[in-house]
Amino acid sequence: MGEVAAAQELRITEIFLSIQGESASVGWPTVFVRLTGCPLRCVYCDTTYSFTGGELMTLEAILDQVEAHGVSHVCVTGGEPLAQPECLDLLTALCDQGYQVSLETSGALDISRVDPRVMTVMDLKTPSSGEAHRNLLSNLAHLKPTDQIKFVLAGREDYDWAVDQLRQHDLASKAQVLFSPVFKDQSPADLAEWILHDKLPVRMQLQLHKLLWGEARGR
Ligand code: SF4
């Protein structure tokens with residue numbers, strides 16, 4: 001990493017070690033780097049504390065903190081991490097250091113310049129989020145088979161909408177598709193029954209970290 005890149009700064013809400021609760025990396029001890037700021041306001045957002053505040057950190061300081069946790073998986077999340085352009089350099093720097101890197105993004109910002117070594121977990125925002133109009137469908141062309149498209153579902157209306165998107169855009173041919181119930185709002189058992197009834201090519205998932213620790217921050 002050159003001197004200029006190392007001196008770059010990003011606004012960071014928190015860096016912490018936890019168990020990855022979602023996506024294809026579920027269960028791995030993972031360092032989470034939560035970037036501050038998000039241009040969306042999803043109704044069910046569980047990280048509103050990341051909208052403002054945070055601390056400016058150099059890329060170098062972030063890499064040092066990540067290294068101090070001593071695990072091989074790193075998840076860059078938010079907020080919406082891509083709202084800070086320097087996020088792209090952070091992702092590349094983490095890949096260069098040999099980490100298995102994932103990115104959690106809202107699907108509202110362009111992912112085309114994300115380092116191809118990164119596993120991107122991209123939301124398609126459902127109607128109940130209040131932000132479905134922000135979905136940037138051009139992103140679908142930039143997904144790899146190892147990436148994931150995540151639907152967070154808060155009821156039957158969201159489910160029906162997601163099934164429609166799945167079929168209309170042939171999403172299962174582009175990436176792994178994840179169906180995840182909103183914690184406390186959508187019965188996981190009902191969602192499982194619907195998926196089985198419709199024989200959908202999707203992976204259902206529960207948020208493991210919330211089963212372990214509830215909605216505690218930094219977990
Ligand atoms: S995109 Fe994520 S961080 Fe932003 S409002 Fe929606 S759920 Fe919250």
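Strands β1 and β3 run antiparallel and are joined by four bridges. Glu9 faces Thr58 of β3 in this pairing. On β2, β1 has another antiparallel partner, with seven bridges between the two strands. Here Ile19 has Pro29 of β2 as its bridge partner. The model is predicted.

These pairings belong to an open sheet of nine strands. The strand order is β3-β1-β2-β4-β5-β6-β7-β8-β9, and the pairing is mixed. The edges are formed by β3 (55-58) and β9 (203-204). Each edge strand has a single partner, so one side of β3 and one side of β9 lack a neighbour in the sheet. Backbone hydrogen bonds pair the strands of a sheet, in either parallel or antiparallel fashion.

A parallel pairing is found between β7 and β8. Strand β7 spans residues 148-153, and β8 spans residues 176-181. Six bridges connect them. Within β8, Ser180 is the residue opposite Val152.

Helix α2 packs on the sheet. The strands touched by α2 are β1 (9-19), β2 (29-35), β3 and β4 (73-77). The direction of α2 makes about 5° with that of β1.

Helix α2 also meets a second helix, α3. The two helices cover residues 59-69 and 87-96, respectively. Their axes come within 11 Å and cross at roughly 45°. The arrangement is therefore oblique, as the angle falls in neither the parallel, the antiparallel nor the perpendicular range. The crossing of α2 past α3 is right-handed. From α2, the contact is made by Leu59, Ile62 and Leu63. From α3, Asp89, Leu90 and Ala93 take part. By class, five of the contact residues are nonpolar and one is charged, with no polar residue. Asp89 of α3 is the charged one.

A ligand shell is also present in the model. Three cysteines, Cys38, Cys42 and Cys45, are among the residues around the ligand. Leu40, Arg41 and Thr47 are further members of the shell. Gly78, Gly79, Glu80 and Ser106 complete the list. By class, the shell has four nonpolar, four polar and two charged residues. The charged pair consists of Arg41 and Glu80. The nonpolar members are the cysteines Cys38, Cys42 and Cys45, together with Leu40. Thr47, Gly78, Gly79 and Ser106 count as polar.

Note on methods: Residues numbered from 1 in each chain as written. Predicted model: local features only at pLDDT ≥ 70, side-chain atom pairs only at ≥ 80, totals over all residues. Axes fitted to C-alpha atoms, helices over the stretch in contact; angles between N-to-C directions. Parallel < 35°, antiparallel > 145°, perpendicular 65-115°, else oblique. Left-handed = near helix turned anticlockwise from the far one by under 90°. Contact = placed C-beta atoms within 7 Å. Near = placed C-beta within 6 Å. Pairing = 2+ DSSP bridges.
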